[in-house]
Amino acid sequence: MELVSVLLNRAWRLTGLSDKRSRRMEEKALEVYDVIRTIRDPEKPNTLEELDVVTEKCVEVQELGDDEYLIIIRFSPTVPHCSLATLIGLCLQVKLQRCLPFKHKLEIYITEGTHSTEEDINKQINDKERVAAAMENPNLREMVEQCVTEPDD
Amino acid sequence: MKGALELLQRVSAHADACCWYVAWNPAGTLLASCGGDRAIRIWGKEGDSWECKCVLADGHQRTVRKVAWSPCGKYLASASFDATTCIWKKTDDDFESLTVLEGHENEVKCVAWAPSGNLLATCSRDKSVWIWEVDEEDEYECVSVVNSHTQDVKHVVWHPTQELLASASYDNKVCIYKEEDDDWECRATLEGHESTVWSLAFDPEGRRLASCSDDRTVKIWKESTAGDGSTDESWKCVCTLSGFHGRTVYDVAWCRLTGALATACGDDGVRVFREDPTADSEQPVFFMSAHVPKAHGQDVNCVSWNPKEAGLLATCSDNGEFAIWKYSSDS
């Protein structure tokens with residue numbers, strides 16, 4: 001009987017821990033969302049949040065261990081235009097790199113079914129060498145800066 | 001053959017920028033580093049620590065992605081996102097810019113010297129591989145442009161003894177090139193990786209090729225001769241190291257002195273693999289001998305074995321640092 005109660009206590013405690021953990025992931029996801037929702041769309045005078053390009057649910061956070069998190073973002077571009085989708089991906093990369101205070105690894109994808117060349121776009125956005133080179137292109141860089149800079153920056 | 005990696009020194013080499021690559025000179029006495037700050041730094045040992053001997057800051061207008069020393073150690077080549085490759089000549093204390101190789105349409109991703117010292121290979125996001133010849137008057141001439149890949153070419157590496165070149169690409173394939181009638185052409189295409197192949201390394205004898213990829217694996221390829229006298233070459237994948245790397249494997253290096261295989265990974269870790277000496281050479285087995293999970297605070301971009309001092313390893317990271325390690329094993 002004593003053994004059973006010990007096991008039950010342990011089980012309750014474990015549930016408590018996993019609740020805490022998923023709450024922590026949710027908090028981290030909200031922190032991430034707070035950073036990306038104000039990014040402006042490259043074409044329209046609206047934020048990505050206003051256009052539903054990103055939503056709270058589109059951010060997933062997993063623990064990588066030791067205060068480091070894997071962030072997965074799935075965004076839905078408003079138009080099927082390939083270059084705009086990659087530009088939004090670039091904006092997400094850059095803003096998170098600059099503004100997120102905790103240690104993280106990032107994966108950015110287009111939501112399935114929103115684009116015909118989504119595999120191509122996903123590969124480009126997640127290739128850090130391509131991203132770094134793109135940000136050295138003055139025209140692209142200017143476009144990204146306009147989308148990610150906060151009004152009071 | 002359980003081993004260990006001991007950190008000897010950590011250096012903040014490229015302030016506020018990525019350190020993309022490090023390369024030892026043939027004598028093993030100098031380390032060249034390059035990065036997002038558009039500069040190349042040459043480091044030498046003074047007493048127990050590595051100090052910056054000179055800075056080459058005006059050679060490129062954009063990120064310097066890779067650097068490579070000539071086999072004689074007197075020249076340094078640098079590949080840049082500004083679409084050029086710069087050749088530097090070493091003077092007593094410094095380096096002077098000798099010439100700038102132009103031609104690629106966009107970022108140059110890699111430059112490599114052939115062991116003979118007379119040939120240079122470059123590759124680019126423009127999908128091509130260029131072969132350059134250098135003559136006794138330090139004149140460089142492009143002798144071949146090969147377009148075998150369908151996407152960016154990330155890396156090129158020369159065979160240690162034969163005039164044979166290998167390239168790695170964003171199209172998930174590896175190509176092998178040989179010269180035929182004064183023209184370089186692709187002789188074999190190695191398929192198997194499921195995503196971008198980032199880097200390559202030949203084993204010390206040049207019998208096998210290691211490739212590393214965004215698919216988080218390292219593959220070992222071996223040339224298999226058809227046996228019917230045909231000139232067609234085929235390379236087979238004889239081993240895949242999977243389940244070891246948490247994210248993209250950006251670089252692989254095969255030590256000429258010990259045969260140890262080192263990898264640089266996007267999970268911030270550095271790993272060393274050794275070959276099981278009892279396994280069949282047609283089906284090699286590699287096991288992980290050493291692993292530093294947080295070798296750097298960010299992605300590890302490059303790993304390079306010192307050519308003269310066994311076990312000495314240099315690595316560098318997105319956080320602008322490079323580190324020097326001592327690998328030792330109980331074998």
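How many bridges join β22(B) to strand β23 of chain B? In this predicted model, the two strands run antiparallel and are joined by 5 bridges, with β23(B) covering residues 261–265. One point of register can be given for this pair: B:V249 has B:C265 in β23(B) as its bridge partner.

The pair belongs to a wider arrangement in chain B. An open sheet of 4 strands is ordered β22-β23-β24-β25, and its pairing is antiparallel. The edges are formed by β22 (249–254) and β25 (286–292) of chain B, each of which pairs on one side only. On average, neighbouring strands of this sheet are turned by 25° against each other, with direction ignored. Strands of a sheet pair through backbone hydrogen bonds, in either a parallel or an antiparallel sense.

A further sheet of chain B may be read in the same manner. Strands β6-β7-β8-β9 of chain B, in that order, make an open sheet of 4 strands with antiparallel pairing. Here β6 (64–69) and β9 (95–101) of chain B stand at the edges with a single partner strand each, so one side of each has no neighbour in the sheet. From one strand to the next, the twist averages 25°. Within this sheet, β6(B) pairs with strand β7 (residues 75–80) of chain B in the antiparallel sense over 5 bridges, and B:W69 stands opposite B:L76 in β7(B).

A hairpin of chain B comes next. Strand β16 (residues 174–180) and strand β17 (residues 183–190) of chain B pair in the antiparallel sense over 7 bridges. B:C175 stands opposite B:T189 in β17(B). The hairpin leaves 2 residues between β16(B) and β17(B), and B:D181 in the turn has a positive phi of about 55°.

The annotation of chain B can be set beside these strands. An unreviewed UniProt entry places the feature "repeat: WD" at residues 22–43, 57–89, 101–142, 146–178, 190–222 and 293–331 of chain B. For residues 22–43 of chain B, the span is 0% helix and 59% strand, and its end C-alpha atoms lie 10 Å apart. For residues 57–89 of chain B, the span is 0% helix and 52% strand, with end C-alpha atoms 15 Å apart.

Chain A is described here through its helices. Two packed helices are characterised by the angle and the distance between their axes. The axes of helix α2 (residues 82–99) and helix α3 (residues 118–125) of chain A come within 10 Å and cross at roughly 30°. Because angles under 35 degrees count as roughly parallel, α2(A) is roughly parallel to α3(A). The crossing of α2(A) past α3(A) is right-handed. In α2(A), the residues A:C82, A:A85, A:T86, A:G89 and A:Q93 meet A:I121, A:Q124 and A:I125 in α3(A). By class, this contact has 4 nonpolar, 4 polar and no charged residues.

Helix α2(A) also packs with helix α5 (residues 138–148) of chain A, where the axes come within 9 Å and cross at roughly 65°. This crossing, too, is right-handed. From α2(A), the residues A:L87, A:L90, A:C91, A:V94, A:K95 and A:R98 meet A:L140, A:R141, A:M143, A:V144, A:E145, A:C147 and A:V148 in α5(A). The residues of this contact divide into 9 nonpolar, no polar and 4 charged.

Note on methods. Residues numbered from 1 in each chain as written. Chains lettered and ligands numbered in written order. Predicted model: local features only at pLDDT ≥ 70, side-chain atom pairs only at ≥ 80, totals over all residues. Heavy atoms only, no water. Axes fitted to C-alpha atoms, helices over the stretch in contact; angles between N-to-C directions. Parallel < 35°, antiparallel > 145°, perpendicular 65-115°, else oblique. Left-handed = near helix turned anticlockwise from the far one by under 90°. Contact = heavy atoms within 4.5 Å. Nonpolar A, V, L, I, M, F, W, Y, C, P; charged D, E, K, R; others polar. UniProt positions renumbered as here; feature names shortened; annotations may be inferred. Pairing = 2+ DSSP bridges.
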